[in-house]
Structure formats: structure tokens, C-alpha cells
Amino acid sequence: MVKKHIALLLLKLKGRCFADQFNQIARIDTKKKLLSIQKVHLKKLLLHAYYNVPFYAKRLTNVIEGSDVDLGEFNRIELLSKKSIRKYNKEMTSKNISKRKWRYNYSGGSTGEPVALIQDDVYDKWSRATTRYY
């Protein structure tokens, strides 16, 4: 059932190699395969952050060496707070942001001061797809 929902999400999203992801999900039939795919995508995300986001380049030195990612160190990555996001906002912006369609979005400000977040077209697609199917 979950696999069906994920597949529908990916079909809704289209583009940006989602067809490859759909094919991967269609072949998931064990928890081991699912964890393996999650690790692959987590490693890609961490490598992108390390090489493209100055904030994470400083904070992932224990996790990444060259193109190797040590997921055993993943739990040692500092959790983000609204205070950190405000303080390091410029350093948290990806160097390749100009290659994507993006916009600012703001948190509700429940703590008194909204936080500015950059969201790109991929975020928007995921958001629309998950809202529709869940």
C-alpha cells in the first residue's frame, strides 16, 4: 500500500529523474531493499550539502571524506533550530541555487518571529503531491 502511494507521488511529480526513482520503488519488496535505497538517497543529499552549502561544508567533515559518506556519524550532525536558521541563513543557501526556480517562504512565526526559508520547484512538487495523496 505504501509502495503504491509513493509510486503515485513520483508519477505526479514527473521530471528530474523521477522515472528512475519510480523504477527503484517498483522493485522494493523487502525492508532491506528499502533501507538500501534510503541510504543511497541520503548519501546523495549529504554530498550535495557538503559540496554546495557552506553551512554544511563546515559541519559534515566527520561524515564526508572525498566522495565517501560515513552514515555511522549521521546522528552527530547538529539539529537545526530557528535561531540557527536565522543566524546562518546566507551560509545555508546552496551555491547552485541560481540553477533552480526558487522562492522565499516564511514560517508561521509561532515563536514571535517568522523564519525565511528558500523552497525550490522540487519542494513545491513534493508538497503538492503529498497534499493530494495523503
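## Cores, a surface patch and a loop residue

Tyrosine 104 lies in strand β3. The model described here is predicted. With a relative accessibility of 39%, tyrosine 104 is classed as partly exposed, because that class covers values between 20% and 50%.

Tyr104 also belongs to a nonpolar patch on the surface, together with Trp102, Tyr106 and Ile118. The accessible area of these residues together is about 410 Å². Strand β3, which spans residues 102-106, supplies the largest share of the patch, namely three residues.

Turning to the interior, the largest nonpolar core has seven residues: Leu46, Ala49, Leu60, Val63, Ile64, Val69 and Ile77. A second core is separate and has five residues, among them Val53, Phe55, Ile85 and Val115.

Two residues have their contacts listed below, leaving out neighbours within four places in sequence.

| Residue | Contacts beyond four places in sequence |
|---|---|
| Isoleucine 64 | Leu46, Leu47, Tyr50 and Val69 |
| Glutamate 73 | Asn62 and Val63 |

For isoleucine 64, the contacts include Leu46 and Val69, and both of these are members of the largest nonpolar core. Ile64 itself is part of that core.

Where is glutamate 73 found? Glutamate 73 sits in the loop that runs between β2 (68-69) and α5 (82-87). The side chain of glutamate 73 makes a polar contact of 2.7 Å with the side chain of arginine 76. Glutamate 73 also touches Val63, a residue of the largest nonpolar core.

Notes: Residues numbered from 1 in each chain as written. Predicted model: local features only at pLDDT ≥ 70, side-chain atom pairs only at ≥ 80, totals over all residues. Heavy atoms only, no water. Core = buried A, V, L, I, M, F, W, Y, C linked by side-chain atoms within 4.5 Å. Buried < 20%, exposed > 50% of the residue type's maximum accessible area, 1.4 Å probe, protein only. Contact = heavy atoms within 4.5 Å. Patch = residues over 30% accessible without salt bridge, like charges linked within 9 Å, V, L, I, M, F, W, Y side chains within 5 Å. Areas by Shrake-Rupley, 256 points an atom, 1.4 Å probe, with all protein chains shown as cover. Salt bridge = Lys/Arg side-chain N within 4 Å of Asp/Glu carboxyl O. Helix = DSSP H or I, 4+ residues; strand = E, 2+ residues; numbered from the N terminus. Polar contact = N/O pair within 3.5 Å; in protein donor to acceptor, adjacent residues only side chain to side chain.
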